[in-house]
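Hi,

Here is the structure I promised to pass on. Have a look at it first, then read my notes below.

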Amino acid sequence: MSVKPHHIRWLALLSVVVVFVWHNSTTQPWTLDDAYISFRYAENLVAGHGLVFNPGERVEGYTNFLWVMAVAGANLLGVGSVAGAKVMGGLAFAALVGLLAWSHRIVPGLDERVAAATALVVGTCGIASRWALSGMEVPLVMLLVGAALLVHLRSRAL
């Protein structure tokens with residue numbers, strides 16, 4: 001019996017989900033302390049104090065403008081900084097794994113098995129999945145870099 005590439009891709013994604021849920025439920029009850037810097041800027045922005053750490057003090061102390069804006073958006077929706085950052089991180093990580101799993105449709109000539117294996121390796125990487133729910137911008141950066149790399153590979157293949 002031969003295993004078809006699309007079965008491998010779905011098995012890889014299922015494995016990723018199982019490992020992600022198990023790993024993060026056992027090791028990820030924390031939020032990285034550095035994330036609270038972004039949270040504070042986002043919360044002050046939404047509260048009308050501007051993009052500041054302390055109201056009345058104009059000091060730029062964040063290094064991740066896009067993430068601060070995303071967390072501010074979560075606050076505007078009433079989700080809160082910590083929950084919003086964790087949900088967005090999980091979604092960005094899931095999007096990255098999905099993008100890798102179907103990357104053979106983006107990059108001409110890329111083998112389906114390579115795409116599935118890449119998704120499996122990245123998705124089950126303990127370090128990557130741990131950062132996904134840390135509250136930091138890391139999963140968004142992973143997604144954007146992965147997408148940029150696939151766009152580059154596609155442009156070279158055409």
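A word on terms before anything else: helices (H or I, at least four residues) and strands (E, at least two) are DSSP runs, numbered from the N terminus. Keep in mind that this is a predicted model, where local features need pLDDT of at least 70 and side-chain atom pairs count only at pLDDT 80 or more, while totals for chains, interfaces and linings use all residues. Residues are numbered from 1 along each chain as its sequence is written, and side-chain values use heavy atoms, with hydrogens and water left out.

Let's start with the overall picture. The protein has 7 helices and 0 strands, so to speak an α-α-α-α-α-α-α pattern when you read along the sequence. Its C-alpha atoms fill a box of roughly 65 × 40 × 25 Å along the principal axes. Of its 158 residues, 36% count as buried (under 20% relative accessible area; exposed is over 50%, partly exposed in between, with a 1.4 Å probe and protein chains only). Contact here means heavy atoms within 4.5 Å. Among contacts between residues at least 6 apart in sequence, 67% join residues at least 24 apart.Now to helix H2 (residues 35-46). With 12 residues at 1.5 Å each, H2 should span 16 Å, and its end C-alpha atoms are 17 Å apart, which agrees (the expected span is 1.5 Å times one less than the number of residues). Its buried residues are Ala35, Ser38, Phe39, Tyr41, Ala42 and Asn44, and what covers them includes H3 and H4. After H2 comes glycine 48, with a positive phi near 90°.

How do H2 and H4 (residues 81-101) cross? Their axes come within 10 Å and cross at roughly 115°. Axes are lines fitted to C-alpha atoms, for helices over the stretch in contact, and angles run from 0 to 180 degrees between N-to-C directions. The crossing of H2 and H4 is right-handed (the near helix is turned clockwise from the far one by less than a right angle; anticlockwise would be left-handed). Tyr36, Phe39 and Glu43 of H2 touch Ser81, Val82 and Ala85 of H4. Sorted by class, the residues of that contact are 4 nonpolar, 1 polar and 1 charged. Ala, Val, Leu, Ile, Met, Phe, Trp, Tyr, Cys and Pro count as nonpolar, Asp, Glu, Lys and Arg as charged, and the others, Gly among them, as polar.

H4 also packs against H3 (residues 65-76), at an angle of about 120° and with the axes 8 Å apart. H3 and H4 are therefore oblique to each other (under 35 degrees is roughly parallel, over 145 roughly antiparallel, 65 to 115 roughly perpendicular, and the rest oblique). Trp67, Ala70, Val71, Ala74 and Asn75 of H3 meet Ser81, Gly84, Ala85, Met88 and Gly89 of H4. This contact has 6 nonpolar, 4 polar and no charged residues.

The axes of H4 and H5 (residues 112-123) come within 7 Å and cross at roughly 155°, which makes the two helices roughly antiparallel. Residues of H4 in this contact include Phe93 and Leu96, and those of H5 include Ala115 and Val122. The contact of H4 with H5 has 9 nonpolar, 2 polar and no charged residues.

One last residue to find: serine 129, in helix H6 (residues 126-132). Is serine 129 buried or exposed? It counts as buried because its relative accessibility is 0%. Beyond its neighbours within four places in sequence, serine 129 is in contact with Phe20, His23, Asn24 and Phe93.

Cheers
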